[in-house]
Amino acid sequence: MTDWTRRDLLKVAAATGCCGAMSGCKFPDPTPPRGQVDVGAPVDYPKDGAYDRLAKTWGIIVIRKGSELLALSSVCTHEKCIVQPVPEGFRCPCHNSGYNDTGGVIRGPSIRPLDRFPISLNASGHVIVDSTKPADDPANPGDGFVVNV
Ligand code: FES
């Protein structure tokens, strides 16, 4: 009987196109809703840190830093694996790229920061993210990419 390693499973998954069902696999194909989406109330993000419950489905990570929330893409800018939160920020499980806690590259092979998405509060006080309009420059996204809660 053959013992399958994670590498073997990833090779089979890549060859058969079943990556979407596997954690950390290439081309996970998160499918965010188009336009502005409600990602919950500020109380859903109670402590400082990264919240990745929408990372695999909608491609969105919400980060709290003090009274501020910001939204990053969970899709690695190297070859589109889903990044995972780690103490220094985020790590890509595919080729080990590293990003800091605001998505800046700290280790290649990625050379571009994680995308930053516009974030705001709606009239009901819910957090709204638009993953269809990433900042042109994720390192200096400008107004509308941080919300105080
Ligand atoms: S896909 Fe993320 S480092 Fe290659």
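1. Glycine 125 takes a positive phi near 85°. This glycine belongs to the hairpin of S10 and S11, which has five residues between the strands. The model is predicted, and the phi value should be read as computed from that model.

2. The two strands of this hairpin pair in the antiparallel sense, over three bridges. S10 covers residues 119-121, and S11 covers residues 127-130. Isoleucine 119 has valine 129 in S11 as its bridge partner.

3. S11 also pairs with strand S1 (residues 36-38). That pairing is antiparallel and again counts three bridges. Valine 129 is the bridge partner of valine 37 here. Valine 129 is thus listed opposite isoleucine 119 and opposite valine 37.

4. Which side chains of S11 are buried? Val127 and Val129 are, and they point to one face. Ile128 and Asp130 point to the other face and are not buried. The side chains alternate along the strand.

5. A second region to check is the open sheet of four strands, in the order S5-S6-S7-S8. Its pairing is antiparallel. Strands S5 (84-86) and S8 (105-107) stand at the edges; each has a single partner strand, so one side of each is left without a neighbour in the sheet. On average, neighbouring strands of this sheet are turned by 35° against each other, direction ignored.

6. Inside that sheet, S6 (residues 89-91) and S7 pair in the antiparallel sense over three bridges. Phenylalanine 90 stands opposite tyrosine 99 in S7.

7. Asparagine 100 lies in S7, which spans residues 98-100. Is asparagine 100 buried or partly exposed? Partly exposed, because it has 14 C-beta neighbours inside 10 Å, where 20 or more would make a residue buried and 12 or fewer exposed.

8. Leaving aside residues up to four places away in sequence, asparagine 100 touches Glu88, Gly89 and Ile106. Gly89 falls within S6 (residues 89-91), and Ile106 within S8 (105-107). Leucine 114 is 14 residues from asparagine 100 along the chain, and their C-alpha atoms are separated by 9.5 Å.

9. Now the whole protein. There is one helix and there are twelve strands. Read along the sequence, the helix precedes the strands, in the pattern α-β-β-β-β-β-β-β-β-β-β-β-β.

10. Of the 149 residues in the protein, 30% are buried. Among contacts between residues at least 6 apart in sequence, 47% join residues at least 24 apart.

Key. Residues numbered from 1 in each chain as written. Predicted model: local features only at pLDDT ≥ 70, side-chain atom pairs only at ≥ 80, totals over all residues. Contact = placed C-beta atoms within 7 Å. Pairing = 2+ DSSP bridges. Axes fitted to C-alpha atoms, helices over the stretch in contact; angles between N-to-C directions.
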